Amino acid sequence: MKVGVIVFPGSNCDRDMHHVLTDVFDLNAEFFWHEKNLPENIDAVVLPGGFSYGDRLRAGVIAAHSPIISDVKKLAEKGIPVLGVCNGFQILVESGLLPGVLLKNESLNFMCEWTNLIVKNNKTPFTNKLELNQKIPIPIANGEGRYFVDDKTLEQLEKNNQIVFSYENKVNGSVSQIAGVCNSDGNVVGMMPHPERAAEKEINQIDHKPSSLIFESLVETVGMKK
Amino acid sequence: MPDFQVSIVIENKPGISDPEGDTILNDLVLKGKNKNISKIRSGTILKFSITENDENAAKDEVLKICDELRIYNPLVSKVTATVEKI
């Protein structure tokens, strides 16, 4: 099996993500430059965090037009698990793979701090090893992380169980304190916090196990290790 | 064909909060004065230089590009275009 880690100009969490996937969870991960094609035998795709194109115009919007995104869309349609973290989440909403939009934080500050997530949907390929309402201590690091959808779409997200993570406390003004959502099929998940920065004991003083379950869920989903 | 400059202003739709505009209003403009100002909305301006047949064609073409490339996010933003001959 193979996990594709997409690299855009300005990605800066790609190596952290690759390290966690390969060195910590023993998955077979490979970098793919955004101008290249994705092979069809990819088993999962991760869009890492960073500042693609320097957040020019709007975080994620320019990367959403990258050639590789059309391949990501094809794989997503086939049900392949896709995870977008932080800037990866922003790219997924701007490319239309996920609903909603990520606006500047209410404080207008770049927020870099630890927060607690609450698991709202444990049926996705990235949450199936987590308990419903389980708490995840995890860092955020973003300037445009305020999730927004209109009331009608919010109702649909709730009805379809598309809210995957919410913040325990009010963090940045996100609608319903939403921190992560999935598509209607559940295979495409986006989240603002960084699980790759929280899944190892050495860098998580609070509890690394909940974040590691996000990756163990992926292992559970894609099956065999390398 | 003549050259035009089409200015596109991107701003949040009326129902979408604009913390930058609110901060400029409350923490700068209204600090003990200017009580006649009730609202400030912030935005982004993009100026397109374009060669087209006339003003309307220039404006339509730029708005089409903005829609196609999601230069603005229609969920939360609106655009207004003004055009001048250069």
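Helices and strands here are DSSP runs, numbered from the N terminus. Keep that in mind for the loop views below, and remember that this is a predicted model.

**View 1. A:Tyr53 sits in a loop with an unusual backbone angle**. The loop in question runs between strand E3 (44-47) and helix H2 (67-77) of chain A. A:Tyr53 isn't a glycine, yet its phi is positive, at about 55°. Is it buried or exposed? Neither label quite fits: A:Tyr53 counts as partly exposed, because it has 19 C-beta neighbours inside 10 Å and a buried residue needs 20 or more.

**View 2. A:Asp26 also has a positive phi**. For A:Asp26 the angle is about 60°, and again the residue is not a glycine. Look for A:Asp26 in the loop between helix H1 (14-24) and strand E2 (29-33) of chain A. A:Asp26 is exposed, with 12 other C-beta atoms within 10 Å; the cut-off for exposed is 12 or fewer.

**View 3. Chain B has an open sheet of three strands**. Go across the sheet and you meet the strands in the order E2-E1-E3, with antiparallel pairing. Strand E2 (43-51) and strand E3 (77-85) of chain B are at the edges with a single partner strand each, so one side of each has no neighbour in the sheet. From one strand to the next, the twist averages 20°.

**View 4. Zooming in on strands E1 and E3 of chain B, you find nine bridges**. Strand E1 covers residues 3-12 and runs antiparallel to E3(B). For one pair to look for, try B:Ile8, which stands opposite B:Ala81 in E3(B).

**View 5. Chain B as a whole follows the pattern β-α-β-α-β**. That's two helices and three strands. Its radius of gyration is 16 Å, well over the 12 Å that the globule rule gives for 86 residues, so chain B is more spread out than a compact globule. Its C-alpha atoms fill a box of roughly 50 × 30 × 15 Å along the principal axes. Buried residues make up 16% of the 86 residues in chain B. Of the contacts in chain B with a separation of 6 or more, 70% are between residues 24 or more positions apart. The mean pLDDT of chain B is 94, and 100% of its residues reach 70 or more.

**View 6. Here chain B meets chain A**. How many residues of chain B are in contact with chain A? Nine, and they touch eleven residues of chain A. The chain B side has five nonpolar, two polar and two charged residues. For the complex, the predictor gives an ipTM of 0.75 and a pTM of 0.91.

Key. Residues numbered from 1 in each chain as written. Chains lettered and ligands numbered in written order. Predicted model: local features only at pLDDT ≥ 70, side-chain atom pairs only at ≥ 80, totals over all residues. Contact = placed C-beta atoms within 7 Å. Nonpolar A, V, L, I, M, F, W, Y, C, P; charged D, E, K, R; others polar. Helix = DSSP H or I, 4+ residues; strand = E, 2+ residues; numbered from the N terminus. pLDDT = per-residue confidence, 0-100. Pairing = 2+ DSSP bridges. Axes fitted to C-alpha atoms, helices over the stretch in contact; angles between N-to-C directions. Rg over C-alpha atoms; globule rule 2.2 N^0.38 Å.
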